[in-house]
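Student: I'd like a close look at one part of this protein, the largest pocket. Could you walk me through what lines it and how it sits in the rest of the fold?

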Amino acid sequence: MTTAKPARARGPYAKSAQRWQEILEAATTVFATHGYRGGSLRDISRQLNLSLTSIVHHFGTKYELLEAVLERADKTVGTGFAAFDFEADCAERGVALATLERVRSNLERPELLRLLAILAAESSAPEHPAHDWFVNRYRTKKAALAEAFAFDQAEGRIDGARDPEQLSASLIGTWDGLQLQWLIDPSTDMVRGMRAFFEWAAPEALQPES
């Protein structure tokens, strides 16, 4: 039996997808350097030598472009922006080991981490266009991690007496803080710092890696 090969985008479709990617990468650089308010569609178009019309054709508005940049930054790893299923890795190996793997991969993408750090700070103002996106991001992340910690407890990876919601909130705070320190001073050892958190909060979660 002959196996059909997956179709590949050709002609104008391939060019459009490539242009979409180029705009996304340029926008990432601009927003990570100047923030959302400081960066403009004109800055992005100049970087690519494109017209503003071409940018708007692909993304509609500046906020739609920002949202696409944020979604990619939050759901990919490495310089090639490969998809990373953090929840699946948590279920398979536990929150601690999945987190350490994600931290290691994040070392390859300082620009995207800088983007998230800058825009998270900017969007603390309720009138910021990305305010709701970040509120939802943190609520969703906190709930997902609490669920993952509870799953670890059911699997016997973490002591059942620990509070999953408190572990989740503390992990997010530690993670964001270490990333910011590393962005400011690259000599900061993020992996070591995150291991120290788990050694303090739930040392039993690290046993498979010890």
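**The largest pocket and its setting**

Tutor: Let's start from the outside: the accessible surface of the protein comes to about 11800 Å², and carbon and sulfur atoms account for 53% of that. Keep in mind that this is a predicted model. Of the 210 residues, 40% count as buried.

Now the fold that holds the pocket. The protein has 10 helices and two strands, and from the N terminus the elements go α-α-α-α-β-β-α-α-α-α-α-α. Take the contacts between residues at least 6 apart in sequence: 66% of them join residues at least 24 apart.

On to the pocket itself. Rolling a probe the size of a water molecule over the atoms shows where empty space is left. Here the largest pocket has a volume of about 980 Å³, and 33 residues line it. If you want to centre your view, pick Asp74, Phe86, Arg102, Arg137 and Lys141, which lie nearest the pocket's centre.

Who supplies the wall? Helix 4 (62-75), helix 5 (86-93), helix 6 (95-106), helix 7 (110-122), helix 8 (131-154) and helix 9 (164-184) each give at least two lining residues. Helix 8 has the largest share, with 11 residues.

As for chemistry, the lining splits by class into 18 nonpolar, 11 charged and four polar residues. So much for the tour: a pocket of about 980 Å³, with helix 8 as the source of the largest share of its lining.

Conventions:
Residues numbered from 1 in each chain as written. Predicted model: local features only at pLDDT ≥ 70, side-chain atom pairs only at ≥ 80, totals over all residues. Heavy atoms only, no water. 1 Å grid on protein atoms, 1.4 Å probe; cavity = no way out; pocket = protein on both sides within 12 Å on 5 of 7 lines; lining within 4 Å. Points joined across faces, edges and corners; volume = space filled by probe spheres on them. Helix = DSSP H or I, 4+ residues; strand = E, 2+ residues; numbered from the N terminus. Nonpolar A, V, L, I, M, F, W, Y, C, P; charged D, E, K, R; others polar. Buried < 20%, exposed > 50% of the residue type's maximum accessible area, 1.4 Å probe, protein only. Contact = heavy atoms within 4.5 Å. Areas by Shrake-Rupley, 256 points an atom, 1.4 Å probe, with all protein chains shown as cover.
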